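Here is a short briefing on one protein model. Look at the sequence and the structure first, then work through the points by topic.

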Amino acid sequence: MGRRFGALVIDWVLCLLVARGFADPVTDGWAPVLVLILEYALFLGLFAQTPGMYLTSIRCVSWADGGRIGVLRGLLRGALLALVVPALIMDGNRRGLHDRAAGSVIIPTPRP
């Protein structure tokens, strides 16, 4: 759980920095949330890791086959994660509702 939370904090800080480029994150609270959702869609869909996940050595992969989840499922996962509540409800495999809805799981990054 610690690495997942650490990755989310890193990603959130990056989203705040990016959102400052086109909006004021303090008055326009939607901007960093939108950036987070898009970050999850692109990075998880294409690379199976966000920058925060890369730095904390975890990956988000498909529950069914261990491959990438794709952009659409990454978008779904990011949108549900932005709601916060789905991430707090976990099953025995430490998958939140957002993971179950997107058919994903967080695993450690394999060491080379």
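A disulfide is a pair of cysteine sulfur atoms within 2.5 Å. By that rule, this structure has zero disulfides. The model is a predicted one. The points below start with the cysteines, then turn to salt bridges, the pocket, the surface and the backbone.

**Cysteines**

- How far is the sulfur of C15 from the closest cysteine sulfur? The distance is 15 Å, and the partner in question is C60.
- A disulfide needs the two sulfur atoms within 2.5 Å, so C15 and C60 are too far apart for a bond.
- The view from C60 agrees: C60 is in no disulfide, and its nearest cysteine sulfur is that of C15.
- C15 is buried, with a relative accessible area of 2%.
- C60 is buried as well, at 0% relative accessibility. Buried means under 20% relative accessible area.

**Salt bridges**

- How many salt bridges does the structure hold? There are three.
- One of the salt bridges joins the side chains of R4 and D99, at 2.8 Å from N to O.
- R4 sits in helix α1, while D99 sits in helix α6, which covers residues 97-102. The two residues are 95 apart in sequence, so their salt bridge ties together distant stretches of the chain.
- Is R4 buried or exposed? R4 counts as buried, because its relative accessibility of 19% falls under the 20% cut-off.
- D99 is buried too, with a relative accessible area of 0%.
- D99 also meets the side chain of R77 in a salt bridge, at 2.7 Å from N to O.
- This pair again links distant parts of the chain: D99 is in helix α6 and R77 is in helix α4, 22 residues apart.
- R77 is buried, with a relative accessible area of 2%.
- R100 forms a salt bridge with D91, and their closest N and O atoms are 3.9 Å apart.
- That value falls within the 4 Å limit for a salt bridge.
- R100 is partly exposed, at 35% relative accessible area. D91 is partly exposed at 24%.
- Which residues are joined into one network by salt bridges that share partners? They are R4, R77 and D99.

**The largest pocket**

- The largest pocket has a volume of about 470 Å³.
- It is lined by 22 residues, and the closest to its centre are R4, F5, L8, L81 and A87.
- Four elements give two or more residues to the lining: α1 (2-19), α2, α4 and α5 (85-88).
- Which element gives the largest share of the lining? Helix α1 does, with seven residues.
- R4 therefore appears under two topics: R4 is among the residues closest to the pocket centre, and R4 pairs with D99 in a salt bridge that ties α1 to α6.

**A nonpolar patch on the surface**

- V18, F22, W30, L34, L38, L72 and L75 form a nonpolar patch on the surface. Together they have about 700 Å² of accessible area.
- The elements that give two or more residues to the patch are α2 (30-47) and α4 (71-82).
- Helix α2 gives the most, with three residues.
- W30, one of the patch residues, lies in helix α2.

**V71 and F47**

- V71 is found in helix α4.
- V71 counts as partly exposed, at 36% relative accessibility.
- How many residues apart in sequence are V71 and F47? They are 24 residues apart, and 9.9 Å apart in space from C-alpha to C-alpha.

**Positive phi angles in loops**

- S57 is not a glycine, yet it has a positive phi of about 60°.
- S57 lies in the loop between α3 (51-55) and β1 (58-62).
- S57 is partly exposed, at 29% relative accessibility.
- R94 is not a glycine either, and its phi is positive at about 60°.
- Where is R94 found? R94 is in the loop between α5 and α6.
- R94 is partly exposed, with a relative accessible area of 46%.

Notes:
Residues numbered from 1 in each chain as written. Predicted model: local features only at pLDDT ≥ 70, side-chain atom pairs only at ≥ 80, totals over all residues. Heavy atoms only, no water. Patch = residues over 30% accessible without salt bridge, like charges linked within 9 Å, V, L, I, M, F, W, Y side chains within 5 Å. Areas by Shrake-Rupley, 256 points an atom, 1.4 Å probe, with all protein chains shown as cover. Buried < 20%, exposed > 50% of the residue type's maximum accessible area, 1.4 Å probe, protein only. 1 Å grid on protein atoms, 1.4 Å probe; cavity = no way out; pocket = protein on both sides within 12 Å on 5 of 7 lines; lining within 4 Å. Points joined across faces, edges and corners; volume = space filled by probe spheres on them.
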